[in-house]
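This report goes through helix packing, unusual backbone geometry and one strand position in a single chain. The sequence and the structure come first.

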Amino acid sequence: MAGNSQAPFLLLILLAQLVGFELCDAGAGIAIYWGQNGNEGTLAETCATGKYSYVNIAFLNKFGSGQTPEINLAGHCNPASGGCAIVSSGITSCQSRGIKVLLSIGGGVGNYSLASAADAKDVARYLWNNFLGGKKSTSRPLGDAVLDGVDFDIELGSTQYWDVLARRLKAYSKPRRSVYVAAAPQCPFPDKFLGDALNTGLFDYVWVQFYNNPSCQYSSGSTDNLIKSWNRWTTSVKAGKIFMGLPAAPEAAGSGYIPAAVLKSKILPVIKKSSKYGGVMLWSKFYDDKSGYSSSIIGSV
């Protein structure tokens, strides 16, 4: 009788373990960039859609070389007056849903660069104390919420020392709280700016931009260059998961848009065979709202 009375309790433990496993290994998902258009809704609203597993807040686009760092969230808020601290509640709301929220540094427009290894370490310290789990700073641009990590969207400036920044950020990880590092390299391999950094093997997520680069993107109905490039990335880069980065609408990029039907029928079945496959990254929330792209593909990702 004693053994039988414990059976329901043991079953509950087993179920809890299974649920915990599912939460820890949620499988592939969609990553989205948020922050560059004031008409794309709030961060909390973005996560409440249930479409996204990762949100990159874009961008911290001024830093390095002794500059005072600055974040630019377009029409969402004014960081100069401390107005972007309102984003803090959105960050915690997303995290409560199991969504990872990262700060994206860089971008296609800005004034950023790393002048030396010491400069990279200074930037890492700034990021740790102002956006991650470091000492509380009165100048935290996004308020007291602790972000899950940092995304490197490096498209200009120096080509050196990004590996130093990645190593230093990753070193801030603690047993109960990892600092995730992600990257958004261009699809021509190796990436001009992030090649050395990616060679560290420290990156948890790599969402390769398979657009605005005709040599390695979908074009004229052909998937050949795209698949060839995907295979090169997934077999050459030591990273946790690799994502196919795409524009969420034709007008979101100069070239490389893939109709959702084509992605689902001709591309996802091929790239999902890779053990490195992590899902799809979309630029951006604003364009996804207009096109409904994520809604069209979420069941296939």
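In this predicted model, the axes of helix H7 (residues 224-236) and helix H8 (residues 260-271) approach within 11 Å and cross at roughly 20 degrees. Angles under 35 degrees count as roughly parallel, so H7 is roughly parallel to H8. The crossing of H7 over H8 is right-handed. H7 contributes Leu 226, Ile 227 and Trp 230 to the contact, and H8 contributes Ile 267, Val 270 and Ile 271. Sorted by class, the contact of H7 with H8 consists of six nonpolar residues, with no polar and no charged ones.

A second helix pair is formed by H4 (residues 117-130) and H5 (residues 162-171), whose axes come within 8 Å and cross at roughly 40 degrees. H4 and H5 are therefore oblique to each other. H4 passes H5 in a right-handed crossing. On the H4 side the contact involves Ala 117, Ala 120, Lys 121, Val 123, Ala 124 and Leu 127, and on the H5 side Val 164, Leu 165, Arg 168 and Leu 169. By class, the contact of H4 with H5 has eight nonpolar residues, no polar residues and two charged residues.

The table sets the two pairs side by side.

| Helix pair | Axis approach | Crossing angle |
|---|---|---|
| H7 (residues 224-236) and H8 (residues 260-271) | within 11 Å | roughly 20 degrees |
| H4 (residues 117-130) and H5 (residues 162-171) | within 8 Å | roughly 40 degrees |

The backbone has some special points as well. Which residues does the cis peptide bond with omega of about 0 degrees join? The residues are Ala 58 and Phe 59, and Phe 59 is placed in strand E2 (residues 54-63). The peptide bond from Trp 283 to Ser 284 is also cis, with omega near 0 degrees. Ser 284 sits in the loop between strand E10 (277-283) and helix H9 (285-291).

Positive phi values at residues that are not glycine are another point to check. Ala 74 has a positive phi of about 50 degrees although it is not a glycine. The loop that holds Ala 74 runs between strand E3 (70-71) and helix H3 (87-96). With a relative accessibility of 36%, Ala 74 counts as partly exposed. Tyr 161, not a glycine either, has a positive phi of about 75 degrees. Tyr 161 is located in the loop between strand E6 (149-154) and H5. The relative accessible area of Tyr 161 is 26%, which makes Tyr 161 partly exposed.

Is Val 206, in strand E8 (residues 205-209), buried or exposed? Val 206 is buried, because its relative accessible area is 0% and buried means under 20%. Apart from neighbours within four places in sequence, Val 206 is in contact with Ala 183, Pro 185, Leu 198, Ala 239, Lys 241, Ile 242 and Phe 243. Val 206 and Asp 151 are 55 residues apart along the chain, and their C-alpha atoms are separated by 8.9 Å.

As for annotation, the unreviewed UniProt entry places the feature "domain: GH18" at residues 28-301. The end C-alpha atoms of residues 28-301 lie 6 Å apart. The span is 30% helix and 21% strand.

How values were computed: Residues are numbered from 1 along each chain as its sequence is written. This is a predicted model: local features need pLDDT of at least 70, side-chain atom pairs count only at pLDDT 80 or more; totals for chains, interfaces and linings use all residues. Side-chain values use heavy atoms; hydrogens and water are left out. UniProt positions are given in the numbering used here, feature names are shortened, and annotations may be inferred rather than shown by experiment. Helices (H or I, at least four residues) and strands (E, at least two) are DSSP runs, numbered from the N terminus. Axes are lines fitted to C-alpha atoms, for helices over the stretch in contact, and angles run from 0 to 180 degrees between N-to-C directions. Angles under 35 degrees count as roughly parallel, over 145 as roughly antiparallel, 65 to 115 as roughly perpendicular and the rest as oblique. A crossing is left-handed if the near helix is turned anticlockwise from the far one by less than a right angle, and right-handed if clockwise. Contact means heavy atoms within 4.5 Å. Ala, Val, Leu, Ile, Met, Phe, Trp, Tyr, Cys and Pro count as nonpolar, Asp, Glu, Lys and Arg as charged, and the others, Gly among them, as polar. Buried means under 20% relative accessible area, exposed over 50%, partly exposed in between (1.4 Å probe, protein chains only).
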